[in-house]
Amino acid sequence: MHTLSGDREGVNMGLMDAIEDIKSRLDVVDTVAEYLQLKPAGSGSFKACCPFHQEKTPSFFVNRPRQSWHCFGCDQGGDVISFVQKMEGMDFPEALEYLAQKAGVILPKFNTEQSSERKRLQEVNDLASKYFRAQLLQNPNADHARAYVAQRGLDELTCDIWRIGYAPDGWNGLTDALRAKGVTEDELIRAGLAIKRDASAKLPTANCQLPTTIYNRFRNRLLFTICDLHGKVVGFTGRILDGGGAQFIASEGVQHHAPTSPPAKYVNTPETLLYKKSHILFGLDKAKGEIKRQDLAVIVEGNMDVITSHQFGVTNVVASSGTALTGEQLNLLKRFTTNLAIAFDADAAGNAATIRGLDLARALDFNVKIIVLPRNAGKDPDEVIRQDVEMWKQAIQGALPVIEWLYRNAFKGQDTTKPEEKKKIAATLLPEFRRISNAVERDAWVARLARDLGVSEDALREELKSIRQQVTGSKDILHPHRSNATVYSLQPTASHPLHDLETRMLAILYLKPEFHPLAQERVSWYHLPESPSEDLLNTLAIFADREFQDQSADALRRELETTCTLLRDKWITGERTRLEQEMRDAELAGDTAKISDLLAQFEKLI
Ligand code: ZN
């Protein structure tokens, strides 16, 4: 019987012991062999083709005596925990929990209350998903739902895998079924499945069955089950179905809905402890393996696009639930690839939010391409795929680099014989050219634009230069009361170039100095020195002008929060590596006081 030693160095010792225990029970070679075909390579070493980069001859080695792995191709390495982290796309605590379970080690609880609440809500959502699935298969009143599924061409296996279900048309079907299984009303509400009835609310019609204190959020809808990265059910999207009865739509309160208001096409689980819309990529749990294998994630807009694509064998596809990818979503994707191919629906392409979403991806060092759907083949990937999956595959393969796509977009609908339209096109594209760091490449684009607009390259170069001056000069317009505002500065040096995330954070603070405390609270370790250099101010002004023009204070605050979170993640990863190394050193030196101090720091990072 294994026990955790809480008695040696207080509670902190428990976690490190558990980590050591996991490592001693799970052999790195055996664990890696569950994922890769290992071949002996002498003296306790084994080799395989690296799962983390594309290669044909093996440069990935696992060593049993050292209990470590290393790839000489992409220069990554570590222990059994970091391998599982990378392979499964888990963060450190997730990997620990997963491996602890596998090894039969009990982890000391951190954040116990929240984690058991999460588990419970997952169970409740899972029960709901099973209930909805059974309704689609068996409910005699679900013919219209089954007809819809058939009409969309989804086969039985697909519906099983994606857990597609039906919410019957009634106030208490699900709530009664789950209460019979011991789920409380409160849990149903906190899982986002039920809505508390407002006692004063009038019921919509006399003949509908009286809801009790709570009622179903989803009624007469086709339900898509939304899972997190690890396949745990976190929520649902309910699509409206034609026919079948219900005229009343699930929403926050019955009383707000006049009988004439049209039903919403989609109803989603609200934000809950489990479901945060901006953190979810639909289908990632099923697509992550193929995304990693191909080193490419295809991003589409709709759940249906994802499901159809997977059914037809293109499985590195996920959906963002909105036009712009959020920082959290990008952070998830980064565990598997930094190459994105994005397919926009025809109406979303080219709008400001879409382009800003791309900017964030590029700021986070993603390599972004745009999928252009073949003309007249359909308005979204779902239609294209059902017509001919080969067209979809070719569209993915022929995805355009962002700049090429922006270039083509800028010319769309413009009459290039008119001087003012030439000016408009140049004004759209020159800031894009500015961000190209390679001078030869930038020059080639200027030459191409000069040719296509029928103007001289010199004129464009002149304009390109003046963009920087304009932006620099506009500083005072951005900050009429700037004189005594807090000034942010981090001097980029040769060894530490300003990271894009830092630039992003500082640029927002440049626009909104009043957010300083908000940022400082989130990136507490980060020093924001005074007196900025003129050069840095210019950089920030250009960056702010390009990325955040016309954004509301609210939008900027959200951007700032996301950026700070990402910076923090990055910092934590670095810190953990450093602390682990220092702990090993302290252990060798027998410095128990230092170990204890480092452990305390380590635990704070989780
Ligand atoms: Zn590698």
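Reader: How many disulfides does the count give here?

Author: Zero disulfides. Bear in mind that this is a predicted model.

Reader: Why is there no bond at C49?

Author: Because the closest cysteine sulfur, in C50, is 8.6 Å from the sulfur of C49, too far for a bond. A disulfide needs the two sulfur atoms within 2.5 Å.

Reader: And C49 and C50 themselves, buried or exposed?

Author: C49 is partly exposed at 34% relative accessibility. C50 is buried, at 6% relative accessible area.

Reader: Stepping back, what does the chain have in the way of helices and strands?

Author: There are 25 helices and 17 strands in the protein chain. The chain has 606 residues, and 48% of them count as buried.

Reader: What share of the exposed area comes from carbon and sulfur?

Author: Carbon and sulfur atoms supply 51% of the roughly 29800 Å² that the protein chain exposes.

Reader: And of the contacts between residues at least 6 apart, what share joins residues at least 24 apart?

Author: That share is 67% in the protein chain.

Reader: On to sheets. What is the strand order in the five-stranded one?

Author: The order is 1-2-3-4-5, in an open sheet with antiparallel pairing. Strand 1 and strand 5 each have a single partner strand, so one side of each has no neighbour in the sheet.

Reader: How many bridges between strand 3 and strand 4?

Author: Four bridges, in the antiparallel sense, with strand 3 covering residues 60–63. One of the pairs sets F60 opposite C71 in strand 4.

Reader: Which helix packs on that sheet?

Author: Helix 3, residues 80–88, which touches strand 3, strand 4 and strand 5. The direction of helix 3 makes about 50° with that of strand 4.

Reader: Which loop holds S43?

Author: S43 is in the loop between strand 1 (39–40) and strand 2 (45–48). Its phi is positive, near 40°, and S43 is not a glycine. S43 is exposed, with 68% relative accessible area.

Reader: And where does D75 sit?

Author: D75 lies in the loop between strand 4 (68–71) and strand 5 (77–78). D75 is also a non-glycine residue with positive phi, about 60°. The relative accessible area of D75 is 59%, which makes D75 exposed.

Reader: Now the six-stranded sheet. What order?

Author: It is an open sheet in the order 12-14-13-15-16-17, with mixed pairing. At the edges stand strand 12 (281–282) and strand 17 (400–401); each has a single partner strand, so one side of each is left without a neighbour.

Reader: What packs on the sheet?

Author: Helix 11, residues 303–311, does. Helix 11 touches strand 12, strand 13 (297–300) and strand 14 (317–320), and its direction makes about 175° with that of strand 14.

Reader: How do strand 15 and strand 16 run, parallel or antiparallel?

Author: Parallel: five bridges join strand 15 (residues 339–343) to strand 16 (residues 367–371). N339 has N367 in strand 16 as its bridge partner.

Reader: S320 next. Which strand holds S320?

Author: Strand 14. S320 is buried, at 4% relative accessible area.

Reader: What does S320 touch, leaving out residues up to four places away in sequence?

Author: S320 touches L281, I299, V300, E301, L325 and Q329.

Reader: Which residues of helix 10 are buried?

Author: Helix 10 spans residues 284–294, and the buried ones are L284, D285, A287, K288, E290, I291 and K292. D295 follows helix 10 and has a positive phi, near 55°.

Reader: Last one. At what angle do helix 16 and helix 17 cross?

Author: At roughly 170°, with the axes of helix 16 (residues 402–411) and helix 17 (residues 419–434) coming within 9 Å. Helix 16 and helix 17 are therefore roughly antiparallel.

Reader: Which residues make the contact?

Author: On helix 16, I403, L406, Y407, A410 and F411. On helix 17, the contact is made by I425, T428, L429, E432 and F433.

Note on methods: Residues are numbered from 1 along each chain as its sequence is written. This is a predicted model: local features need pLDDT of at least 70, side-chain atom pairs count only at pLDDT 80 or more; totals for chains, interfaces and linings use all residues. Side-chain values use heavy atoms; hydrogens and water are left out. Buried means under 20% relative accessible area, exposed over 50%, partly exposed in between (1.4 Å probe, protein chains only). Two strands pair if DSSP finds at least two bridges between them. Helices (H or I, at least four residues) and strands (E, at least two) are DSSP runs, numbered from the N terminus. Contact means heavy atoms within 4.5 Å. Axes are lines fitted to C-alpha atoms, for helices over the stretch in contact, and angles run from 0 to 180 degrees between N-to-C directions. Accessible areas come from the Shrake-Rupley method with a 1.4 Å probe; for residues, only the protein chains shown count as cover. Angles under 35 degrees count as roughly parallel, over 145 as roughly antiparallel, 65 to 115 as roughly perpendicular and the rest as oblique.
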